[in-house]
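Here is a short report for a reader meeting this structure for the first time. Please look over the sequence and the model before reading on.

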Amino acid sequence: MPLRFLYNILINIVWLALKVVALFNAKIKLFVKGRKSTFPLLEEKLSPTDNTIWMHVASLGEFEQGLPILERLRSKYPEHKLVLSFFSPSGYEVKKNTSVADIVVYLPIDSNSKVKRFLNLVNPQLAIFVKYEVWPNYLYHLGKRNVPTILVSSIFSKRQVYFKSFGGFMRKSLGKFDHYFVQDKKSKELLESIGLNNSSIGGDTRLDRVSEILKRNNQLDFMDRFKNDQLCLVAGSTWPEDEKILVNYINSTNEKLKFVIAPHEIKSVHIDKITSSLEKTVVRYSELDNQNLKEIDVLIIDTIGLLTKIYSYANIAYVGGGFATGLHNTMEPAVFGIPIIIGPQFQGFKEAEDLVNEGGIIPISSQDSFNNLMGDLLNNPISIKNTGDINSNYINSNRGAADLILKYISGIL
């Protein structure tokens with residue numbers, strides 16, 4: 001029995017199972033219910049005469065990688081309609097109203113019937129998949145329609161199924177792309193090891209994205225008042241494991257230092273726990289009114305959307321998630337040329353691995369290693385500058401992926 005036939009049976013079984021799970025799980029309910037609006041939305045907003053470009057991303061991280069490309073496509077091909085699809089609710093629900101695309105939808109499940117209907121409605125002149133998204137039926141039918149299809153900002157490792165002896169079906173699907181823009185030489189070599197020689201090393205498009213942060217106005221009045229020309233540590237996207245280390249240090253240090261903590265979880269019960277554990281003066285962003293901020297030691301950010309600008313005020317950054325949950329974005333603070341501290345689990349995050357090797361990002365594994373590192377940095381201002389320069393130089397020397405991809409696209413459209 002052909003593997004493609006078995007795959008289609010499995011996909012339909014999984015879809016039925018998800019419908020059942022959706023009755024009991026809020027996130028899966030969004031995953032299932034959200035897809036009901038995909039076809040009506042496409043029918044409403046697209047006509048058969050439209051020229052369209054379709055980009056598919058899994059979630060928010062991949063959206064950030066695709067965004068520099070979408071922005072350039074919007075500028076260069078204003079007559080085309082841009083269709084953006086998400087796989088996960090955590091991406092779609094946050095970005096469903098983004099203005100960078102004309103239509104934002106959930107990607108229908110990868111079954112033959114839904115794939116055909118989706119492609120009939122979108123009728124793309126070009127399909128762009130970001131990083132890891134390899135869907136056998138979509139790629140098969142795009143190939144049958146001779147739609148140019150590229151994979152961008154991709155990164156590969158020997159652990160992936162494509163490079164295993166039993167990975168023939170997924171390897172064949174991976175081979176459907178017309179071109180691969182990979183992040184590093186290792187990925188290019190892995191593709192060549194399975195006979196895929198149509199790749200270019202383009203780097204990570206997120207570096208183009210974060211480079212543009214420097215061109216914006218990052219000034220925040222409350223941060224000017226809070227920092228008051230003192231040294232400042234900004235801890236972003238922190239989890240309880242990170243916060244325990246940070247709070248212990250804040251409570252015990254005698255250094256003249258301001259602290260900003262922007263937790264990943266901003267529910268009031270979690271913010272209350274952090275606030276009550278601090279022994280120094282502390283204020284929440286939501287309670288800034290009438291506060292003399294220059295007398296406050298710790299600022300807790302209990303809202304979203306401000307962290308990137310807040311990093312511009314940091315002399316040292318701590319990026320959370322490296323103890324248990326998965327490291328968060330280290331590139332946003334890196335672009336400001338500051339040292340970055342992370343937890344010990346950073347493998348699989350290429351930019352973090354690179355910068356740990358170069359010395360711009362410094363991993364810690366315990367309270368003692370954090371305390372010692374902070375002492376070393378604060379007692380050596382030149383070290384702060386030199387370490388930060390490593391990070392900004394890395395971004396400056398590795399940007400340009402989006403322009404390389406757009407040059408390729410210009411030869412197609």
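The report takes the overall shape, then the sheet, then the pockets.

**Overall shape**

The model is predicted. Its chain holds 19 helices and 14 strands. Along its principal axes, the C-alpha trace spans about 70 × 45 × 45 Å. Is the chain's radius of gyration in agreement or in conflict with that of a compact globule? A compact globule of 413 residues would come near 22 Å, and the chain has 23 Å, so the two agree.

**The sheet**

An open sheet is built from 7 strands. Their order is 10-11-9-8-12-13-14, and the pairing is parallel. Which strands stand at the edges? They are strand 10 (282-284) and strand 14 (361-363). Each has a single partner strand, so one side of each lacks a neighbour in the sheet. From one strand to the next, the twist averages 20 degrees.

Within this order, strand 8 sits beside strand 12. Strand 8 covers residues 232-238 and strand 12 covers residues 316-319. The two pair in the parallel sense over 4 bridges. One bridge joins Leu 233 to Ile 316, its partner in strand 12.

A helix also meets the sheet. Helix 13 (residues 268-277) lies across strand 9 (258-263), strand 10 and strand 11 (298-300). Helix 13 runs at about 165 degrees to strand 10.

**The pockets**

Rolling a probe the size of a water molecule over the atoms shows where empty space is left. The table sets out the two largest pockets.

| Pocket | Volume | Lining by class |
|---|---|---|
| Largest pocket | about 1800 Å³ | 19 nonpolar, 17 polar, 13 charged residues |
| Second largest pocket | about 250 Å³ | 3 nonpolar, 4 polar, 6 charged residues |

The largest pocket is lined by 49 residues. Which of them lie nearest its centre? They are Leu 60, Glu 64, His 328, Asn 329 and Glu 332. Several elements give two or more residues to this lining, among them helix 5 (89-95), helix 10 (206-211) and helix 14 (307-311). Strand 9, which helix 13 lies across, is also one of these elements. Helix 4 (60-76) belongs to the group too. Helix 4 gives the most to the lining, with 8 residues.

The second largest pocket is lined by 13 residues. Closest to its centre are Ile 155, Phe 156, Ser 157, Arg 159 and Gly 348. Helix 16 supplies the largest share of this lining, 3 residues. Helix 16 (350-358) also gives two or more residues to the lining of the largest pocket.

Terms used. Residues are numbered from 1 along each chain as its sequence is written. This is a predicted model: local features need pLDDT of at least 70, side-chain atom pairs count only at pLDDT 80 or more; totals for chains, interfaces and linings use all residues. Side-chain values use heavy atoms; hydrogens and water are left out. Two strands pair if DSSP finds at least two bridges between them. Axes are lines fitted to C-alpha atoms, for helices over the stretch in contact, and angles run from 0 to 180 degrees between N-to-C directions. Contact means heavy atoms within 4.5 Å. On a 1 Å grid over the protein atoms alone, a cavity is a set of points where a 1.4 Å probe fits but cannot get out, and a pocket is an open set with protein on both sides within 12 Å along at least five of seven lines; lining residues have an atom within 4 Å of a point. Grid points are joined across faces, edges and corners, and a volume is the space filled by probe spheres set on the points. Ala, Val, Leu, Ile, Met, Phe, Trp, Tyr, Cys and Pro count as nonpolar, Asp, Glu, Lys and Arg as charged, and the others, Gly among them, as polar. The radius of gyration is taken over C-alpha atoms; the globule rule is 2.2 Å times the number of residues to the power 0.38.
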